[in-house]
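Student: I have a protein model open on my screen and I am not sure how to read it. Could we go through some features together?

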Amino acid sequence: MRAEDHADDPIDPDDDVLADPDDKAFSASVGQRLRAIRQAQGLSLAEVEARSEGRWSASAVGAYERGFRTLSLPRLKSLADFYKVPVAVLLGEPLPVESAVERRKIVLDLVALAKIDPAAPIRRFVQSIIEARGDFNGRVLSLRHDDLKALCTLVGGDIPTGVAQLRSWGVMIDGPEIPNDPLGRL
């Protein structure tokens with residue numbers, strides 16, 4: 001390991017000092033997304049350190065998540081690769097809609113999902129959506145586009161791969177086609 005790669009060094013040349021309030025707010029929002037992705041993958045800070053073989057220390061990742069430290073672009077890319085998510089997800093940027101599959105409302109069969117052992121991170125993420133919405137019907141859940149993007153990063157990294165995995169598990173029900181949005185939002 002190179003000395004400059006050690007995340008716990010007291011002064012990291014890759015870390016910027018945050019003086020601008022907008023920079024602090026942006027770092028905090030990136031940190032919130034980092035925490036959400038880590039938690040959705042069912043990892044504790046200690047597990048991140050162990051699985052990365054010390055590349056990412058628990059204290060450094062915790063500081064990034066709280067917005068106390070900033071990430072250089074190479075370190076941001078490296079952490080995105082570690083979590084197997086696009087950098088755009090960490091930055092809060094929208095991902096492009098890549099096929100007609102995403103033009104349909106996606107509905108998950110929660111009963112079927114409960115029977116899929118490798119889907120534990122997906123179930124945790126879905127539970128957080130259910131709690132946030134107060135939607136406790138327990139049988140199905142309609143995914144909004146942002147939910148689908150985040151869920152697919154947990155499943156396979158991008159929307160087509162994620163949708164294919166959900167289909168292979170037999171937990172996805174196609175809903176009605178989503179109309180075109182004249183403002184370009186989805």
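Student: In which helix is alanine 150 found?

Tutor: Alanine 150 is found in helix H8. Keep in mind as we go that this is a predicted model.

Student: Is alanine 150 buried, exposed or partly exposed?

Tutor: The general idea is to look at relative accessible area: under 20% is buried, over 50% is exposed, and in between is partly exposed. Alanine 150 has a relative accessible area of 26%, so it is partly exposed.

Student: And what can a distance between C-alpha atoms tell me about alanine 150 and arginine 33?

Tutor: It lets you set separation along the chain beside separation in space. Alanine 150 and arginine 33 are 117 residues apart along the chain, and their C-alpha atoms are separated by 9.9 Å. You can do the same with isoleucine 159 and lysine 149, which are 10 residues apart along the chain with C-alpha atoms 6.2 Å from each other. For the whole protein, 64% of the contacts with a separation of 6 or more come from residues 24 or more positions apart.

Student: How do H7 and H8 pack?

Tutor: For a pair of helices, look at the angle and at the distance between the axes. Helix H7, residues 120–133, packs with H8 at an angle of about 160°, and their axes are 9 Å apart. H7 is therefore roughly antiparallel to H8, since an angle over 145 degrees counts that way. The crossing of H7 past H8 is right-handed.

Student: Which residues make the contact of H7 with H8?

Tutor: H7 brings Pro121, Ile122, Phe125, Val126, Ile129 and Arg133, while H8 brings Asp147, Ala150, Leu151, Leu154 and Val155. Sorted by character, the residues of this contact are nine nonpolar, no polar and two charged. Notice that our alanine 150 is one of them.

Student: What about H1 and H4: at what angle do they pack?

Tutor: Helix H1 (residues 21–40) and helix H4 (residues 73–83) pack at about 20°, with axes 11 Å apart. They are therefore roughly parallel to each other, as angles under 35 degrees are counted. H1 passes H4 in a left-handed crossing. Val30, Leu34, Ile37 and Arg38 in H1 meet Leu76, Leu79 and Tyr83 in H4. Here the residues divide into six nonpolar, no polar and one charged.

Student: Which residues of H4 are buried?

Tutor: The useful step is to ask where buried residues point around the helix axis. In H4, the buried residues are Arg75, Leu76, Leu79, Ala80 and Tyr83. They cover an arc of only 140° around the axis, so they are on the same side of H4. The face turned away from that buried side carries the exposed residues Leu73 and Pro74.

Student: What covers the buried residues of H4?

Tutor: The cover includes H1, helix H2 (45–51), helix H3 (58–65) and helix H5 (87–91).

Student: Which residues of H9 are buried?

Tutor: In H9 they are Ile159, Gly162, Val163, Leu166 and Trp169. Their arc is only 125° around the axis, which puts them on the same side of H9. Isoleucine 159 is buried because its relative accessible area is 3%.

Student: How should I read the phi of glutamate 53?

Tutor: Start with the usual sign: most residues other than glycine have a negative phi. Glutamate 53 is not a glycine, yet its phi is positive, about 55°. This glutamate lies in the loop between H2 and H3, and it counts as exposed because its relative accessibility is 72%. Lysine 84, just after H4, also takes a positive phi, of about 60°. After H9 comes glycine 170, with a positive phi near 75°.

Student: Where is arginine 144?

Tutor: Arginine 144 sits in the loop between strand S2 (140–143) and helix H8 (145–155). With 54% relative accessibility, it counts as exposed. Arginine 144 is 15 residues from isoleucine 129 in sequence, and their C-alpha atoms are 10.0 Å apart.

Student: To finish, how many helices and strands does the protein have?

Tutor: It has nine helices and three strands. From the N terminus on, they run α-α-α-α-α-β-α-α-β-α-α-β. Of the 186 residues of the protein, 39% count as buried.

Note on methods: Residues are numbered from 1 along each chain as its sequence is written. This is a predicted model: local features need pLDDT of at least 70, side-chain atom pairs count only at pLDDT 80 or more; totals for chains, interfaces and linings use all residues. Side-chain values use heavy atoms; hydrogens and water are left out. Axes are lines fitted to C-alpha atoms, for helices over the stretch in contact, and angles run from 0 to 180 degrees between N-to-C directions. Helices (H or I, at least four residues) and strands (E, at least two) are DSSP runs, numbered from the N terminus. Angles under 35 degrees count as roughly parallel, over 145 as roughly antiparallel, 65 to 115 as roughly perpendicular and the rest as oblique. A crossing is left-handed if the near helix is turned anticlockwise from the far one by less than a right angle, and right-handed if clockwise. Contact means heavy atoms within 4.5 Å. Ala, Val, Leu, Ile, Met, Phe, Trp, Tyr, Cys and Pro count as nonpolar, Asp, Glu, Lys and Arg as charged, and the others, Gly among them, as polar. Buried means under 20% relative accessible area, exposed over 50%, partly exposed in between (1.4 Å probe, protein chains only). The arc is that of the directions from the helix axis to the C-beta atoms.
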